[in-house]
Amino acid sequence: MMKTVARAVGVSRSENIRAYEPPTSTSALSISADWLRTDIDSLHDGMRDLHEKTRSLDLDERAHQKATASDVPALLDELAFTRGMSWSDIAAAAHVSVSAIRKWRKGGTATADNRERLARIASFLDLMEEKGVADPAQWMEMALPLGPGYYIRPIDLFVAGHAESLIEWFEQRSRLETILDAVLPGWRDRRSDVEVFVDTDGQRSLRMRAE
């Protein structure tokens, strides 16, 4: 094809070859570095995706095992009394109403999906404890370190379906702001006038943020 084009414009084969300068050692090294970096970036993205999938599978398997071994009352007892989660947080994380939780506590029937969701909450707390969180239920209620005016808690990300992103952040594999930009677009626009502070009794409380 090149031969045909060169002949068509009246350029000999030797003249066509001379039009291209041979690469210097520096430019060749630059090209190799460019290719290598592209390969590494692609490998990094692939490994991150694989890691996210394995985290999700790990959590699913843990939840299935726990749901198989425990009934709904036992799961509620574990979350509320062993872990110390509030009933409202349990209901939010399981995507049901507080009245549904109350019904189950009185012996009402729960679906298999609800049982799996309760088991997933409990499994996530187990996992975070294994990673070094001393009190996972209380940690879920703490405001993430985002600076004044932003009030997002780990439980909020869990409810929104981003448990794996919480693990990613806790393992310090990504910046918190980068994760939130990916999973909660527009979070920067939801700046709150409320801030969290430690009250005189040592408990975390809310108050209006000073300008």
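# A tour of the chain, stop by stop

Start by selecting V98, which is partly exposed at 35% relative accessibility. Three classes will come up on this tour: buried is under 20% relative accessible area, exposed is over 50%, and partly exposed lies in between (1.4 Å probe, protein chains only). The model is a predicted one, in which local features need pLDDT of at least 70, side-chain atom pairs count only at pLDDT 80 or more, and totals for chains, interfaces and linings use all residues. Residues are numbered from 1 along each chain as its sequence is written, and side-chain values use heavy atoms, with hydrogens and water left out.

**Stop 1: around V98**

V98 sits in helix α6. A helix here is a DSSP run of H or I with at least four residues, a strand is a run of E with at least two, and both are numbered from the N terminus. Which residues does V98 touch, leaving out those up to four places away in sequence? They are W87, S88 and A91. A contact means heavy atoms within 4.5 Å. Now add W87 to the selection. Its C-alpha atom is 6.7 Å from that of V98, although the two residues are eleven apart along the chain.

**Stop 2: zoom out**

Colour by secondary structure. The chain has eleven helices and two strands. Follow it from the N terminus: the eleven α elements come one after another, and then the two β elements.

Now look at the whole surface. It comes to about 13,700 Å² of accessible area, and 53% of that belongs to carbon and sulfur atoms. These areas come from the Shrake-Rupley method with a 1.4 Å probe; for residues, only the protein chains shown count as cover. Of the 211 residues, 32% are buried. Take the contacts with a separation of 6 or more: 56% of them join residues 24 or more positions apart.

**Stop 3: colour by confidence**

Switch to pLDDT, the predictor's confidence in each residue, from 0 to 100. The chain has a mean of 86, and 84% of its residues reach 70 or more. Next, select residues 1-6, where the pLDDT is below 50. Beyond near neighbours in sequence, this stretch has two contacts in the model.

**Stop 4: aromatic pairs**

Show the rings of Phe, Tyr and Trp (its six-membered ring). They pair if their centres lie within 6.5 Å; planes under 30 degrees apart are stacked, over 60 edge-to-face, and the rest tilted. How many aromatic pairs are there by this rule? The count is four. Select F81 and W87: the ring centres are 5.9 Å apart and the planes stand at 80°, so this pair is edge-to-face. F81 is exposed, at 58% relative accessible area. W87, also met at V98, is partly exposed at 23%.

Go on to F124 and F158. Their ring centres lie 5.1 Å apart with the planes at 50°, so the pair is tilted. F124 belongs to helix α7 (residues 112-130) and F158 to helix α9 (residues 154-159), so the pair ties together parts 34 residues apart in sequence. Are F124 and F158 buried or exposed? Both are buried.

**Stop 5: N114 and S70**

Stay in helix α7 and select N114. N114 is buried, with a relative accessible area of 11%. Apart from residues up to four places away, N114 touches V96 and W104.

Now jump to S70, in the loop between α3 and α4 (72-82). S70 is buried as well, at 17% relative accessible area. Setting aside neighbours within four places in sequence, S70 contacts L75 and R115.

**Stop 6: a surface patch**

Select L43, M47 and L50. Together they make a nonpolar surface patch of about 310 Å². L50 lies in helix α3 (residues 25-69). Its relative accessibility is 46%, so L50 counts as partly exposed.

**Stop 7: two positive phi values**

Most residues other than glycine have a negative phi. Select H95: its phi is near 60°, a positive value, and H95 is not a glycine. Look for H95 in the loop between α5 (87-94) and α6 (98-105).

End at Q172. It is not a glycine either, yet its phi is positive, about 60°. Where does Q172 lie? It is in the loop between α10 (163-170) and α11 (176-183). Q172 is exposed, at 73% relative accessible area.

Methods. Patch = residues over 30% accessible without salt bridge, like charges linked within 9 Å, V, L, I, M, F, W, Y side chains within 5 Å. Salt bridge = Lys/Arg side-chain N within 4 Å of Asp/Glu carboxyl O.
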